[in-house]
Amino acid sequence: MFLQTIEEDEAAGPVAEIYEKQKVQLGFVMEAAKCFTARPDLLPIYTDFSDRIRAGFSLGLREWRLITLIAAKQIPSTYCSHVYGKQLIGDLGSKEAVLAVQSDFRNAGLSDKDVAMLAYAEKVARDAPGICQADIDAVRAAGFSDRQICDIALCAAFRCFVSRFFDAVGAGTEQAFIDDDESFRSAMTVGRSLA
């Protein structure tokens, strides 16, 4: 981490509560949480905002992870690619399936609906000003409601914000998310090199 942040043994109040919740859930506190504590007042706000986006997300967890993986590649965010790539192994059934999606989701055996969702998410992350009515019409034609389209955009745009912040302050990928398979690890390393 490039900035001074609150360590676990120094945490108090809402920061300590958030740290403890992550330790119970994951066994450790993520750098993604710690990095916000250079401004300790922001960690509870960020956590609440993130939780609310996810709680109201009108698509499934698999879709959240797919959108995030594709957005992370565009940013490019090694941290988020590793975290969500690792999680997608269970969703997609194999590392090979995750690699196929990350490499070329249009030709990875996904449904037409998934491809339309990811094409829109990719454009949000890569060229949001270039999005036009035709892009929205294409996602609608694939069967997504306006609420779902909003959520796709929100998920991809949220990833752009947090991934860039993580990189800007030096948050590094935790060992738990770094795969032992060198080819998988290499493919997920889309931006900053692993330390």
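Start by selecting Lys-113 and Phe-144: Lys-113 lies over the face of the Phe-144 ring, 4.8 Å from the ring centre. Keep in mind as you go that this is a predicted model.

**Next stop: the aromatic cluster**

Now select Phe-36, Tyr-46, Phe-49, Tyr-79, Phe-158, Phe-165 and Phe-166, and show their side chains; together they form one aromatic cluster. How many aromatic pairs does the structure hold? The count is eight.

Zoom in on Tyr-46 and Phe-158, which make a stacked aromatic pair. Their ring centres are 6.2 Å apart, and the planes meet at 10°. Planes under 30 degrees apart count as stacked, so the 10° here puts this pair in that class.

Colour helix 3 (residues 42-55) and helix 9 (residues 146-169) to see where the two rings come from: Tyr-46 belongs to helix 3 and Phe-158 to helix 9. The pair therefore ties together parts of the chain that are 112 residues apart in sequence.

Are these two rings buried or exposed? Tyr-46 is buried, at 16% relative accessible area, and Phe-158 is buried too, at 4%.

Stay on Phe-158 and add Phe-49 to the selection. These two rings form an edge-to-face pair, with 5.9 Å between centres and 65° between planes. Phe-49 sits in helix 3 and Phe-158 in helix 9, so this pair also links distant parts of the chain, 109 residues apart. Switch on a surface and look at Phe-49: its relative accessible area is 45%, which makes it partly exposed.

**Then: helix 4**

Move along to helix 4 (residues 61-74) and pick out Glu-63. With a relative accessible area of 17%, Glu-63 counts as buried, because the cut-off for that label is under 20%. Which side chain does Glu-63 touch through a polar contact? Select Arg-62: a 3.0 Å polar contact joins its side chain to that of Glu-63.

**Last stop: the start of the chain**

Finally, go to Met-1, Phe-2 and Leu-3 and show them as a surface. These three residues form a nonpolar surface patch, with a combined accessible area of about 290 Å². Click on Phe-2, which is found in the segment before helix 1 (13-26). Phe-2 has 56% relative accessibility and so counts as exposed. For a last look at two phenylalanines, put Phe-2 and Phe-158 in view together: Phe-2 is exposed at 56%, whereas Phe-158 is buried at 4%.

Notes:
Residues numbered from 1 in each chain as written. Predicted model: local features only at pLDDT ≥ 70, side-chain atom pairs only at ≥ 80, totals over all residues. Heavy atoms only, no water. Patch = residues over 30% accessible without salt bridge, like charges linked within 9 Å, V, L, I, M, F, W, Y side chains within 5 Å. Areas by Shrake-Rupley, 256 points an atom, 1.4 Å probe, with all protein chains shown as cover. Salt bridge = Lys/Arg side-chain N within 4 Å of Asp/Glu carboxyl O. Helix = DSSP H or I, 4+ residues; strand = E, 2+ residues; numbered from the N terminus. Buried < 20%, exposed > 50% of the residue type's maximum accessible area, 1.4 Å probe, protein only. Phe/Tyr/Trp six-rings, centres within 6.5 Å; stacked < 30°, edge-to-face > 60°. Lys NZ or Arg CZ within 6 Å of the ring centre and 35° of its normal. Polar contact = N/O pair within 3.5 Å; in protein donor to acceptor, adjacent residues only side chain to side chain.
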